[in-house]
Amino acid sequence: MNLINLLDGYRPYEAIIKNLDNTPISLSGVAETAQAQLIGAISSKAKGNTLVVTYSDMESRNILSDLRLYTDNAVLFPSKEYVFYNIESMNRANENARLCVLDKIINTNAVVVASVDALMSYTADKKLFIKNTISLKPGDECDIGDLSQRLVEMGYKREEMIEGIGQFSVRGGICDIFPPGYQNPVRLEFWGDEVDSVRSFDADTQRTLENIDFVRIVPVTEALYSEKRRDEIILELSRRLKSAKRKGNDAYINTLESDIEQFREKLDFPSVDKYISLIYGYIPSVLDYFDKDTLAFVIDPKRVLERMKTFIWEREEAVAELKIKGI
């Protein structure tokens, strides 16, 4: 039984479908248990992606769970936790999930469920995300040295042995990579500058699991920038450091000196979040990835608006406190 088609012929539903090009449409009286079915049915008529906006991550997860009864294309775009300190270890599961969703929006017709918090947090610039996504299959030409440099700029860490997502290793003509969205790492074997084979393998035993047709490697950081851009940022921070020293702001001086050193040592580090406006020149959003064919649902608009106002206030308060601390 196709659960979506159950609504076919239902007069109020047919009226909605007829007026999709005359949006916005306001619907009331839809039971919470019926929301996912209605969204699934309407989104199946859409020409492009579908965006479902909720007021919280919890509601997003609940809607997603119900939506998966009606479509295989539903995904969650989780909210982002900003990091302002260079902590030793950081869980990047949410960031990796967000990056996988960006790839789905670009390449498929996805039903994306996101809270206000998720929509209002920065993400990777769309053009740079596309530029920094790599697809490789047997027979493709690719210099393994150039690939290594690109992976570093995409946020990957070079290791001797791969243990988790976001890592890669190079040994002779073999490059092992663990991209987001894959259950196991992938091994690329090169014959000169040609990809000879693409295989998934077990990270613990190093044994091949299966040959695969291709690997799609998305970035593992939402802060994408080149070494040239890094050098420009260092110059700007050095200018700010001179100004801070003239004013005698010790806490801010310590922060700048530490962060300049972080930029010099690596392209990606935890507290890079606070420099997004320097990296991109603006604050990119997941909304940049949607086009005119996107169908958007806003569940309980009043609550969404209130949460939006609260989100802005909370972020302003957090930033004000961090400024006082020189962070």
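These are my notebook entries on two sheets and a helix that I looked up in this structure.

**Entry 1: the model.** I note at the outset that I am reading a predicted model.

**Entry 2: the sheet of 6 strands.** I began with the open sheet of 6 strands, and following its order I read β5-β6-β7-β8-β9-β10, with pairing that is mixed. I then asked which strands stand at the edges of this sheet. They are β5, at residues 157-158, and β10, at residues 208-211; each has a single partner strand, so one side of each is left without a neighbour in the sheet.

**Entry 3: β6 and β7.** Within that sheet I looked up the pair made by β6, residues 167-171, and β7, residues 174-177, and found that they run antiparallel and are joined over 4 bridges. For R171 I traced the bridge partner in β7, which is I174.

**Entry 4: the sheet of 4 strands.** I turned next to an open sheet of 4 strands, where the pairing is parallel and the order is β2-β3-β1-β12. Here the edges are held by β2 (74-77) and β12 (295-298), and because each of them has a single partner strand, one side of each lacks a neighbour in the sheet. Going from one strand to the next, I find that the twist averages 20°.

**Entry 5: β2, β3 and the helix.** I followed β2 to its parallel partner β3, residues 111-115, and the two are joined by 4 bridges; in this pairing V75 stands opposite V112 of β3. What packs on this sheet? I found helix α2, residues 32-43, which touches β1 (50-54), β3 and β12, and whose direction makes about 165° with that of β12.

Methods:
Residues are numbered from 1 along each chain as its sequence is written. This is a predicted model: local features need pLDDT of at least 70, side-chain atom pairs count only at pLDDT 80 or more; totals for chains, interfaces and linings use all residues. Side-chain values use heavy atoms; hydrogens and water are left out. Two strands pair if DSSP finds at least two bridges between them. Axes are lines fitted to C-alpha atoms, for helices over the stretch in contact, and angles run from 0 to 180 degrees between N-to-C directions. Contact means heavy atoms within 4.5 Å.
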